[in-house]
Amino acid sequence: GKLSLGTYFAQAAEVLSQEDTPNPELLSLVLNCLYALDKLGKPEMMVKAVFELRSASLAGYTPDLFGCHTCGSQNPVFFDISGGVLLCEKCKDAATGIRMPLTPAILEAMRYITYCGSKKLFSFEIGNEPLQQLSGITEAYLTTQLERGFSTLDFYKSLLF
């Protein structure tokens with residue numbers, strides 16, 4: 001499982017990288033995720049979510065996680081996958097993209113992953129059920145922004161079921 005997840009990180013990093021252009025932040029992220037899987041014993045789903053959201057941010061797809069994109073409400077309940085924005089209950093129908101439900105714990109984790117220092121990427125706690133939802137959101141966000149799927153991710157997921 002860890003090997004296939006690491007292979008997914010490598011494939012995604014290849015897609016996110018530009019040929020002959022060094023990208024030390026992305027390389028550091030991949031290496032830190034591999035270290036977190038192997039030496040820190042972090043849950044695979046957590047490392048996967050961190051990789052997906054942070055790599056998307058490094059590639060220029062940083063989501064807007066400050067409040068409802070339409071009205072500014074500080075009580076968002078949906079994340080618009082295609083727009084990378086938050087929506088509150090009142091404004092959810094204004095967006096035309098795919099909306100995924102969001103809890104305060106998931107939003108807090110997303111904000112932490114996106115904005116924290118790289119040395120503290122894995123210094124957060126989240127319950128198992130919110131972690132599964134977070135992983136689904138980050139996966140959908142990365143694949144939607146890149147407009148492609150990953151065979152290595154499909155293989156990793158086939159090992160889980």
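Two exercises with worked solutions follow, on the sheet and the core of a predicted model.

Residues are numbered from 1 along each chain as its sequence is written. Local features need pLDDT of at least 70 and side-chain atom pairs count only at pLDDT 80 or more, while totals for chains, interfaces and linings use all residues; side-chain values use heavy atoms, without hydrogens and water.

**Exercise 1.** Determine in which order the strands of the open sheet lie, and which helices pack on the sheet.

*Solution.* Helices (H or I, at least four residues) and strands (E, at least two) are DSSP runs, numbered from the N terminus. Two strands pair if DSSP finds at least two bridges between them.

1. The order of the four strands is β1-β3-β2-β4, with mixed pairing.
2. β1 (64-68) and β4 (99-101) are the edge strands, each pairing on one side only.
3. β2 (residues 78-80) and β3 (residues 85-87) are antiparallel and share three bridges; D80 has V85 in β3 as its bridge partner.
4. α4 packs on the sheet and touches β1, β2 and β3, contact being heavy atoms within 4.5 Å.
5. α5 also packs on the sheet, where it touches β2 and β4.

**Exercise 2.** Identify the residues that touch the most other members of the largest nonpolar core, and the helix with the largest share.

*Solution.* Such a core is a set of buried (under 20% relative accessible area, 1.4 Å probe, protein chains only) Ala, Val, Leu, Ile, Met, Phe, Trp, Tyr and Cys residues joined through side-chain atoms within 4.5 Å.

1. Among 43 residues, those touching the most other members are Y8, F9, F79, L102, M110 and L134.
2. α3 gives the largest share, seven residues.
3. Beyond four places in sequence, the contacts of F79 include L102, M110 and Y141.

Key
Buried means under 20% relative accessible area, exposed over 50%, partly exposed in between (1.4 Å probe, protein chains only). Axes are lines fitted to C-alpha atoms, for helices over the stretch in contact, and angles run from 0 to 180 degrees between N-to-C directions.
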